[in-house]
Amino acid sequence: MVPGSDRNNPAARSTQSLQFSVIVAVRDAAQELCRCLHALATQENAGTFEVIVVDDGSRVPISPPDHEIYGQMSVQVHRQVPLGIAAARNLGISKSSGETLIFVDADCVADPHMLAHLERRLAAEQKTIAFQFSLQGGTGCLTDRLEGLRLGAI
């Protein structure tokens with residue numbers, strides 16, 4: 001965050017270049033995190049963004065990702081004793097520098113246009129300060145399809 005800026009001020013948002021901080025809280029989910037980071041690294045037409053991973057006390061600590069895999073995407077990894085997802089997100093907020101915060105779970109795979117769509121919505125609806133992305137289940141197996149039905153019902 002730029003000192004003195006206000007994340008919730010629509011006027012400030014329109015005069016500054018849009019930058020996202022994607023905060024991913026994770027505990028004992030290294031494989032899921034790899035899929036999540038890959039989806040973020042392949043965002044199309046996205047503005048500038050950083051990814052802040054907060055390891056909430058995994059038994060095997062999360063390692064910083066290999067730059068050969070994720071290219072130019074900025075990824076920070078911070079570790080804390082297991083305090084829960086809210087505390088992990090709060091640590092991520094304290095380490096963020098983006099104007100717009102996005103919270104993603106480690107088992108989420110973002111649509112390749114997620115950040116571009118959000119950028120357009122932020123520009124169109126400058127008075128809105130909170131958004132929720134659409135959640136969808138996978139189609140690979142019966143469990144994935146059932147989860148998709150459950151998410152569609154909510």
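**Notebook: cores, strands and two unusual loop residues**

I began with the largest nonpolar core, which has 25 residues, and found that Val24, Leu40, Val51 and Val53 touch the most other members. A nonpolar core here is a set of buried Ala, Val, Leu, Ile, Met, Phe, Trp, Tyr and Cys residues joined through side-chain atoms within 4.5 Å. Buried means under 20% relative accessible area, exposed means over 50%, and partly exposed is in between (1.4 Å probe, protein chains only).

I noted that this is a predicted model, in which local features need pLDDT of at least 70 and side-chain atom pairs count only at pLDDT 80 or more, while totals for chains, interfaces and linings use all residues. Residues are numbered from 1 along each chain as its sequence is written, and side-chain values use heavy atoms, with hydrogens and water left out.

**Who builds the core?**

Next I looked up which elements supply at least two residues each to the largest core: they are β1, α2, β2, β4 (100-105) and α5 (114-124). The largest share, 5 residues, comes from α2. Helices (H or I, at least four residues) and strands (E, at least two) are DSSP runs, numbered from the N terminus.

I then picked Val51 and left aside its neighbours within four places in sequence; Val51 is in contact with Val22, Val24, Leu37, Leu40, Met73, Ser74, Val75 and Gln76. Contact means heavy atoms within 4.5 Å.

There is also a second, separate core of 5 residues, and I spotted Ile23, Ala25, Ile52 and Val54 in it. A handy reminder for me: in a regular strand the side chains alternate between the two faces of the sheet.

**Around β1**

Is β1 enclosed or open? It is largely enclosed by the rest of the structure, because 7 of its 8 residues are buried.

I checked its partners too. β1 pairs with β2 in the parallel sense over 8 bridges, with Ser21 opposite Glu50 in β2. β1 also pairs with β4 in the parallel sense, over 6 bridges, and there Ala25 stands opposite Asp105. Two strands pair if DSSP finds at least two bridges between them.

I saw that β1, α2 and β2 form a right-handed β-α-β unit: with the strands pointing away from the viewer, the path from the first strand over the helix to the second runs clockwise.

**Two loop residues**

Most residues other than glycine have a negative phi. Asp28, in the loop between β1 (19-26) and α2 (30-41), has a positive phi near 50 degrees. Asn45, in the loop between α2 and β2 (48-56), has a positive phi near 55 degrees.

I compared their accessibility last. Asp28 counts as partly exposed because its relative accessibility is 36%, and Asn45 counts as exposed at 68%.
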